[in-house]
Amino acid sequence: MLLSPAEDVNLNVCPPGAPEPVRHRLFRDWLRSHPEDREWYATTKRRLARDTAHRPRDYSLAKNDVIDEIYARIFAA
């Protein structure tokens with residue numbers, strides 16, 4: 001992930017063949033078909049955006065526990 005000097009842009013760059021684009025699509029599709037996880041993720045993001053407004057890096061890291069739990073559900077299914 002690249003951040004602009006002002007930390008107002010996050011850009012994720014993946015090399016060809018990297019698994020991340022597939023993981024991102026799996027996550028997107030899961031949230032589209034599982035409203036309870038979509039709401040949990042959205043609620044978490046809103047709270048973290050408010051609580052870390054002046055610390056964008058903290059926001060990204062703070063989401064990891066929720067994201068990891070959702071991925072666990074995805075891969076268990």
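**Close-up views of a predicted four-helix, two-strand model**

At 44% relative accessibility, H24 counts as partly exposed. This residue of the predicted model is placed in helix 1 and is the starting point for the views described below.

**Figure 1. H24 and its surroundings in helix 1****.** H24 belongs to helix 1. Its relative accessibility of 44% puts H24 in the partly exposed class, which lies between 20% and 50%. Along the chain, H24 and I67 are 43 residues apart, whereas their C-alpha atoms are separated by 11 Å. H24 also takes part in the contact between helix 1 and helix 4, and I67 is among the residues that helix 4 brings to that contact.

**Figure 2. Overview of the protein chain****.** The predicted model contains four helices and two strands. Read along the sequence, these elements follow the pattern β-β-α-α-α-α. Taken along the principal axes, the C-alpha atoms fill a box of roughly 40 × 35 × 15 Å. Of the 77 residues in the protein chain, 23% are buried. Among contacts between residues at least 6 apart in sequence, 50% join residues at least 24 apart.

**Figure 3. The largest nonpolar core****.** Nine residues make up this core: F27, W30, L31, Y41, V66, I67, I70, Y71 and I74. Helix 1 (20-33) and helix 4 (64-76) each supply at least two of its residues. Which helix gives the most to the core? Helix 4 does, with five residues. One member of the core, L31, touches D37, R38, Y41 and I70, when residues up to four places away in sequence are not counted.

**Figure 4. The packing of helix 1 against helix 4****.** The axes of the two helices come within 10 Å and cross at roughly 85°. Helix 1 and helix 4 are therefore roughly perpendicular to each other, since crossing angles of 65 to 115 degrees are classed in this way. From helix 1, the contact is made by R23, H24, L26, F27, W30 and L31. From helix 4, the residues in contact are I67, I70, Y71, R73, I74 and F75.

**Figure 5. The packing of helix 1 against helix 2****.** Here the axes come within 5 Å and cross at roughly 110°. This angle makes helix 1 roughly perpendicular to helix 2. Helix 1 contributes F27, W30, L31, R32 and S33 to the contact, and helix 2 contributes P35, D37, R38 and Y41. The contacts of L31 with D37, R38 and Y41 can be examined in this view.

**Figure 6. The buried and exposed faces of helix 2****.** Helix 2 comprises 17 residues (residues 35-51), which at 1.5 Å a residue should span 24 Å; its end C-alpha atoms are 24 Å apart, in agreement with that value. Four of its residues, D37, Y41, T44 and L48, are buried. Seen down the axis of helix 2, the buried residues fall within an arc of 65°, so they line one face of the helix. An α-helix has 3.6 residues a turn, so residues three or four places apart point the same way. The face turned away from the buried side carries the exposed residues R46 and R50. The buried residues of helix 2 pack against helix 1, helix 3 (56-62) and helix 4.

**Figure 7. The buried and exposed sides of helix 4****.** The 13 residues of helix 4 should span 18 Å at 1.5 Å a residue, and the end C-alpha atoms are 18 Å apart, which agrees. The buried residues of this helix are V66, I67, I70, Y71 and I74. They cover an arc of only 135° around the axis, which puts them on the same side of helix 4. On the other side, D65, F75 and A76 are exposed. What covers the buried residues of helix 4 includes helix 1 and helix 2.

**Figure 8. T52 in the loop between helix 2 and helix 3****.** Is T52, a loop residue, buried or exposed? At 8% relative accessibility, T52 counts as buried, because the limit for that class is under 20%. When residues up to four places away in sequence are not counted, T52 touches D58 and Y59. T52 and A62 are 10 residues apart in sequence, and their C-alpha atoms are 9.0 Å apart in space.

Technical notes
Residues are numbered from 1 along each chain as its sequence is written. This is a predicted model: local features need pLDDT of at least 70, side-chain atom pairs count only at pLDDT 80 or more; totals for chains, interfaces and linings use all residues. Side-chain values use heavy atoms; hydrogens and water are left out. A nonpolar core is a set of buried Ala, Val, Leu, Ile, Met, Phe, Trp, Tyr and Cys residues joined through side-chain atoms within 4.5 Å. Buried means under 20% relative accessible area, exposed over 50%, partly exposed in between (1.4 Å probe, protein chains only). Contact means heavy atoms within 4.5 Å. The expected span of a helix is 1.5 Å times one less than its number of residues. The arc is that of the directions from the helix axis to the C-beta atoms. Axes are lines fitted to C-alpha atoms, for helices over the stretch in contact, and angles run from 0 to 180 degrees between N-to-C directions. Angles under 35 degrees count as roughly parallel, over 145 as roughly antiparallel, 65 to 115 as roughly perpendicular and the rest as oblique.
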